[in-house]
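Let's walk through how some helices pack in this one. Have the model open as you read.

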Amino acid sequence: MGDIPAALESRLLRYVQIDTQSDEASSTVPSTAKQLVLLQLLQQELETIGAHNVQLTPTGFVIATIPATVHDRELPRIGLLAHVDTAADFTGAGVKPIVHRNYDGKPITLPDDPAQVLSPVDNPYLAGKIGDDIITASGTTLLGADDKAGVAIIMTAAEQLLAHPEIPHGEIRICFTPDEEIGTGITRLDMDALAVDFAYTLDGGQVGKLVYETFSADKAVVTITGVAAHPGAAYGKLVNALQLAAAIIDTLPRHTRTPETTIGRQGFVHVYQMSGTAARAELSFILRDFELEGLASHAALLQTVCAAIQATEPRAKISCVITPQYRNMRYWLDQDKRAVDFAVAAMRKVGIEPIFEPTRGGTDGSQLTERGVPTPNLFTGMQNIHGPLEWISVQDMAQAVNVCVELARTVAS
Ligand SMILES: [Zn+2]
C-alpha cells in the first residue's frame, strides 16, 4: 500500500507552512483570504490524485468525489471532513516544522524558544511513542496539526482508495472546510453539495478516540440598565449598573458549576465577558451540559439570580436573553447509530480498540449532525493543540489512514 507514513509526513510538512489562521473579527468569507491558498492547493492535489468533481465553492469549501468501486448494490455515501484553518490562540505564521525521527524518549527542546520543552513526564502519551517520528513546531508558533493532520490523513486515504480500485467501497465525498476555529465555517456548507448519508470529521486526539457526544450549548446575555446621575449629586438617584452586574456574578455559584470546578460529564455556567458603565452593563455567559435537562437547569439558575438581583433594585432593568448554540450530537446518533457502528468495526479490524470520550465542547460534526448528517469525530493523533508544544506522531496519523480505508471497505461489506 505504498509508503503511507512518508506521504503523510510530506503532506503535513507542506500544509503547516501555509499560514491559515482564521479571524473572528473579519466579515469576509472565508474569514481570511490566506485559507484559500491552502484550499486551492488541496483542490489541485485532489485533481492530481484523480479525484472526481473537484470544486472550490464560493464559501470556501473544497469538495471532491472518490467514485464507488461497488456498483451492484446501493451503498450509503460517506463524507470525510477536516478543517484547514488554525486557532487564534497562538500564531500560525512562519511555522518551521521539525521531524524528530525515531523518537528516543527524551525531552524535546524547541530550538527557537528553548523555554519550550516537550517532556514525556508532562506528556505521558508522548512517553509511549518511542521509535515514532514526532513532528513539532520550532517554539515560536503552533504546529497546526489541528487540523492539517486531518487534511493530510484524508488526502492520503483518498490517494490510497483511488490507487486501489480493487478495494470495495461506495461513493466517498471529501470536504475540506474553512473557519472551524471561529465556529462560522460549517454554517455556510451547502448540504446538497456535500450530499452524504453520514460523515466523519478527522479532528480528534489520541489513537482510538471516537467522539459522538458533545456538549449541548446555549449563550446568555444579561443586560443591566441602571439610572445615570452625576456622582456629585447622585444621592438617592444613581442606580449603578456595574454594582448590580457584580452582584449577579457574586450570587452565582463559584465553587461548583464553573468550568474550573467541573470535569467529565458535569456542566457549567461560565461568565466570559463583562463590559459597561455605571449606566449600563452587559454580562456574556455560555451555558454547557451534556443533557438538555442540565442545560435548562443552568438557564433557570441564571434567570433566578437575575430576578433576585432585580428584586433588590426595582429602578434598574435587568434582562436575560438565552439563545441556543448547538446540541449534543448523541441525541441524533442514538436514532441512527450506523456512523458510529461502522467506525467501531473499522477500528477493531485494524487492531485499534475505540475509546469513547465525550467532548467538553462542540465540533463541526455537532452542527452537521443537527442538520441531518450524523458526523462523529475520529482521531488524528494531534496533541497539545493551539499552542507552541503542539505535536503529532506520523505513525498515529498512519493508523488514522488505515481506519479511513477500512471504514470505506466496512461500509461496503
Ligand atoms: Zn480542530
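In which sense does H1 pass H11, right-handed or left-handed? The crossing of H1 over H11 is right-handed (the near helix is turned clockwise from the far one by less than a right angle; anticlockwise would be left-handed). Helices here are DSSP runs of H or I with at least four residues, numbered from the N terminus.

Before going further, keep in mind that this is a predicted model, where local features need pLDDT of at least 70, side-chain atom pairs count only at pLDDT 80 or more, and totals for chains, interfaces and linings use all residues. Residues are numbered from 1 along each chain as its sequence is written.

Back to that pair: H1 covers residues 4-16 and H11 covers residues 394-412, and their axes sit 9 Å apart at an angle of about 110° (axes are lines fitted to C-alpha atoms over the stretch in contact, and angles run from 0 to 180 degrees between N-to-C directions). The two are therefore roughly perpendicular (65 to 115 degrees; under 35 is roughly parallel, over 145 roughly antiparallel, and the rest oblique). On the H1 side, Ile-4, Pro-5, Leu-8 and Glu-9 meet Val-394, Gln-395, Met-397, Ala-398 and Val-401 of H11 (contact means C-beta atoms, placed from the backbone, within 7 Å).

Now look at H6 (residues 241-251) and H7 (residues 292-312), whose axes come within 10 Å and cross at roughly 135°. That makes H6 oblique to H7. H6, too, passes H7 in a right-handed crossing. Leu-244, Ala-247, Ile-248 and Thr-251 of H6 make the contact with Val-305, Cys-306, Ala-308 and Ile-309 of H7.

Conventions
Contact = placed C-beta atoms within 7 Å.
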